[in-house]
Amino acid sequence: MPRKDPCQKQACDIQVCLQANNYKEEKCESAFKAMMNCCTRFRPGASVCCSGFLKERSSSSKET
């Protein structure tokens with residue numbers, strides 16, 4: 001039986017939040033922070049949900 005992705009819940013929470021808030025990312029900052037915390041807790045590659053997430057969030061924070 002495949003192991004559950006350790007950050008899947010946080011990834012789903014982001015999707016639920018974005019859908020509920022008309023895809024306004026600023027309304028979902030707490031969900032993004034929870035995902036970031038989860039992704040940094042596990043070794044690289046442990047979570048498929050995190051692949052690209054850390055890079056994406058760090059590059060978008062540099063742009064602002």
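This short talk walks through the disulfides, the second helix and the nonpolar core of the structure shown above.

Good morning, everyone. Please keep in mind throughout that what we are looking at is a predicted model.

Let me begin with the cysteines. How many disulfides does a search of the whole structure find? The search finds 3 of them, and if we number the bonded cysteines of the protein in sequence order, the pairing reads 1-4, 2-3, 5-6.

Let us take these links one at a time, starting with the disulfide that joins Cys7 to Cys38, where the distance from S to S is 2.1 Å. Cys7 sits in the segment before helix 1, which covers 8-20, while Cys38 belongs to helix 2, residues 29-41, so this pair ties together parts that are 31 residues apart in sequence. The torsion about the S-S bond of Cys7 and Cys38 is about -95 degrees, and the disulfide is therefore left-handed. As for their surroundings, Cys7 counts as buried at 0% relative accessibility, and Cys38 is likewise buried, with a relative accessible area of 0%.

The next disulfide is formed by Cys17 and Cys28, whose sulfur atoms are 2.1 Å apart. Here Cys17 is in helix 1 and Cys28 is in the loop between helix 1 and helix 2, so that distant parts of the chain, 11 residues apart, are linked by the pair. With -100 degrees about its S-S bond, the link of Cys17 and Cys28 is left-handed. Cys17 counts as buried at 18% relative accessibility, since the cut-off for buried is under 20%, and Cys28 is buried at 0%.

That brings us to the disulfide joining Cys39 to Cys50, with an S to S distance of 2.0 Å. Cys39 lies in helix 2, and Cys50 in the loop between helix 2 and helix 3 (53-63), a separation of 11 residues. This link is left-handed too, with -90 degrees about the S-S bond. Cys39 counts as buried at 5% relative accessibility, and Cys50 counts as buried at 12%.

Now, what about Cys12, and which cysteine sulfur is nearest to it? Cys12 is in no disulfide, and the nearest cysteine sulfur, that of Cys49, is 6.8 Å away. With a relative accessible area of 39%, Cys12 is partly exposed. Why is there no bond between Cys49 and the closest cysteine sulfur? That sulfur is in Cys50, and at 6.6 Å from the sulfur of Cys49 it is too far for a bond. Cys49 counts as partly exposed, at 30% relative accessibility.

Let me turn to helix 2, which we have already met through Cys38 and Cys39. Helix 2 has 13 residues and reaches 18 Å from its first C-alpha to its last, which is close to the 18 Å expected at 1.5 Å a residue. Which residues of helix 2 are buried? They are Ala31, Phe32, Met35, Cys38 and Cys39. Seen down the axis of helix 2, these buried residues fall within an arc of 125 degrees, so they line one face of the helix. The face turned away from that buried side carries the exposed residues Ser30, Lys33, Thr40 and Arg41.

One residue from the buried face, Phe32, also takes part in an aromatic pair, and the structure holds 1 such pair. The rings of Phe32 and Phe53 have their centres 6.4 Å apart and their planes at 10 degrees, so the pair is stacked. Because Phe32 lies in helix 2 and Phe53 in helix 3, the pair ties together parts that are 21 residues apart in sequence. Both of these phenylalanines are buried.

Finally, let us put several of these residues together in the largest nonpolar core, which has 13 residues. Those that touch the most other members are Cys7, Ile14, Cys28, Phe32, Met35, Cys39 and Phe53. Helix 1 and helix 2 each supply at least two residues of this core, and helix 2 gives the most, with 5 residues.

What does Met35 touch, if we leave out residues up to four places away in sequence? Its contacts are Cys7, Gln10, Ala11, Ile14, Cys49, Cys50 and Phe53. That list brings back Cys7, from the disulfide with Cys38, as well as Cys50, from the disulfide with Cys39, and Phe53, from the stacked pair with Phe32.

Thank you, and I am happy to take questions.

Methods:
Residues are numbered from 1 along each chain as its sequence is written. This is a predicted model: local features need pLDDT of at least 70, side-chain atom pairs count only at pLDDT 80 or more; totals for chains, interfaces and linings use all residues. Side-chain values use heavy atoms; hydrogens and water are left out. A disulfide is a pair of cysteine sulfur atoms within 2.5 Å. Helices (H or I, at least four residues) and strands (E, at least two) are DSSP runs, numbered from the N terminus. Buried means under 20% relative accessible area, exposed over 50%, partly exposed in between (1.4 Å probe, protein chains only). Rings of Phe, Tyr and Trp (its six-membered ring) pair if their centres lie within 6.5 Å; planes under 30 degrees apart count as stacked, over 60 as edge-to-face and the rest as tilted. The expected span of a helix is 1.5 Å times one less than its number of residues. The arc is that of the directions from the helix axis to the C-beta atoms. A nonpolar core is a set of buried Ala, Val, Leu, Ile, Met, Phe, Trp, Tyr and Cys residues joined through side-chain atoms within 4.5 Å. Contact means heavy atoms within 4.5 Å.
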